[in-house]
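Dear colleague,

Please find below the structure that I am handing over to you. My findings on the ligand site and on the empty space inside the protein follow it.

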Amino acid sequence: MTTGLPELNFPHRHILGIEGMTREEINFLLDLSDSYVAQNRRVDKKSALLRGRTLINVFFENSTRTRTSFELAGKRLGADVINMSVSTSAIKKGETMIDTAMTLNAMGPDVLVVRHPHSGAVQLLAEKVTCSVINAGDGSHEHPTQALLDALTIRRRRGALDGLLVAICGDILHSRVARSNIQLLNIMGARVRLIAPRTLLPAEAGRLGAEIHHDIRKGLEGCDIIMMLRLQTERMHGSFVPSIREYFHFYGLDHEKLSCAKPDALVMHPGPMNRGVEIDSELADDIDRSVISEQVEMGVAVRMACLDTLTRDLPANRSLDEGEPTR
Ligand code: NCD
């Protein structure tokens with residue numbers, strides 16, 4: 001199969017994280033995604049590239065945009081897409097995640113897209129199945145397609161990532177989005193600042209390849225891009241902030257705090273947003289500064305690029321260290 005685009009430069013069977021990807025591989029995925037943005041803006045958005053292929057979405061955790069985005073991506077490429085609902089599945093009868101995955105694998109899908117509340121669970125699953133696996137978020141570990149869609153959004157707005165100063169602000173401790181983004185931005189030559197209260201930074205924050213700031217106004221100085229993060233209360237055991245009101249006062253982004261960044265700095269958020277907690281509602285809707293809807297649009301294109309890449313039947317797609325290919 002060919003899209004007439006740059007030659008495949010992605011020797012992996014799975015997409016489990018940004019860790020281990022090269023700058024060239026990321027650029028390849030972003031270039032391919034660009035072509036899918038164009039396809040998605042046409043009236044007829046559908047192609048037959050993945051006709052005969054099967055994609056199963058297996059989400060052990062809630063999701064709106066990521067699951068829908070993968071579903072649309074698969075359908076726009078002509079694949080058969082199935083959404084397995086964990087709440088009505090045999091998981092509820094005590095079946096393990098691995099047994100569920102093996103059962104689905106036996107039905108011969110080409111790609112499993114998996115989200116799981118535990119860090120490392122998707123990798124474990126990928127080691128057991130014979131199809132390709134895409135990590136749609138595992139615990140607080142990685143969310144590679146989110147980092148790729150964020151990169152695509154920035155690259156289309158700013159031309160390149162190289163040399164940009166990017167602030168990631170909020171609940172870094174529990175955020176897989178932050179972890180994947182920090183790695184991707186470092187690989188692509190951007191500088192990263194983490195802005196958060198001490199309680200919401202991981203112990204290893206100093207070794208992540210980013211500057212640390214606790215004062216948001218200082219942290220935002222000179223920034224080109226600001227990524228806001230939700231307080232991931234579902235991953236919190238105990239209280240990490242004194243109160244929501246106080247959190248918004250110190251760390252919630254509004255136009256006033258944003259004025260500390262570069263005058264044309266862009267505001268991003270992976271969603272779901274908690275308006276009035278990490279971001280002011282008016283700022284979130286300010287189309288001159290916020291690119292949050294654009295991120296969602298880019299998400300579909302990036303996932304089409306990932307599905308296209310993993311289903312190409314090329315020797316370069318086969319990596320012995322990731323197990324024998326099945327196609
Ligand atoms: C994020 C996630 O699930 O990690 N959402 C998303 O995929 N767009 C961030 C979040 O839940 O806050």
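The model is a predicted one, and I begin with its largest cavity. The residues that line this cavity comprise 3 nonpolar, 5 polar and 2 charged ones. By name, they are R65, T66, S69, Q146, L149, H269, P270, Q295, V296 and R303. Three helices, α2, α5 (144-158) and α11 (292-311), each contribute at least two residues to the lining. The volume of the largest cavity is about 90 Å³, and the whole structure holds 2 cavities of 30 Å³ or more.

I turn next to the ligand. Around the ligand stand R65, T66, R115, H143, Q146, R176, V177, R230, Q232, P270, G271 and P272. This shell is made up of 3 nonpolar, 5 polar and 4 charged residues. Two helices, α2 (65-76) and α6 (176-187), each provide at least two of the shell residues.

Which atoms of R115, R176 and P270 lie close to the ligand? For R176, a polar side-chain atom is 2.7 Å from an oxygen atom of the ligand. For R115, a polar side-chain atom is 3.0 Å from an oxygen atom of the ligand. P270 takes part through its backbone, with an N or O atom 2.9 Å from a nitrogen atom of the ligand. On its own the ligand would expose 310 Å², of which the protein buries 95%.

When you view the structure, you may wish to start at P270, which belongs to the ligand shell and also to the lining of the largest cavity.

Yours sincerely

Definitions and conventions
Residues are numbered from 1 along each chain as its sequence is written. This is a predicted model: local features need pLDDT of at least 70, side-chain atom pairs count only at pLDDT 80 or more; totals for chains, interfaces and linings use all residues. Side-chain values use heavy atoms; hydrogens and water are left out. A residue is near a molecule or strand if one of its heavy atoms lies within 4 Å of it. A polar contact is a pair of N or O atoms within 3.5 Å; within protein, one must be able to donate a hydrogen and the other to accept it, and residues adjacent in sequence count only if both atoms are side-chain atoms. Accessible areas come from the Shrake-Rupley method with a 1.4 Å probe; for residues, only the protein chains shown count as cover. Helices (H or I, at least four residues) and strands (E, at least two) are DSSP runs, numbered from the N terminus. Ala, Val, Leu, Ile, Met, Phe, Trp, Tyr, Cys and Pro count as nonpolar, Asp, Glu, Lys and Arg as charged, and the others, Gly among them, as polar. On a 1 Å grid over the protein atoms alone, a cavity is a set of points where a 1.4 Å probe fits but cannot get out, and a pocket is an open set with protein on both sides within 12 Å along at least five of seven lines; lining residues have an atom within 4 Å of a point. Grid points are joined across faces, edges and corners, and a volume is the space filled by probe spheres set on the points.
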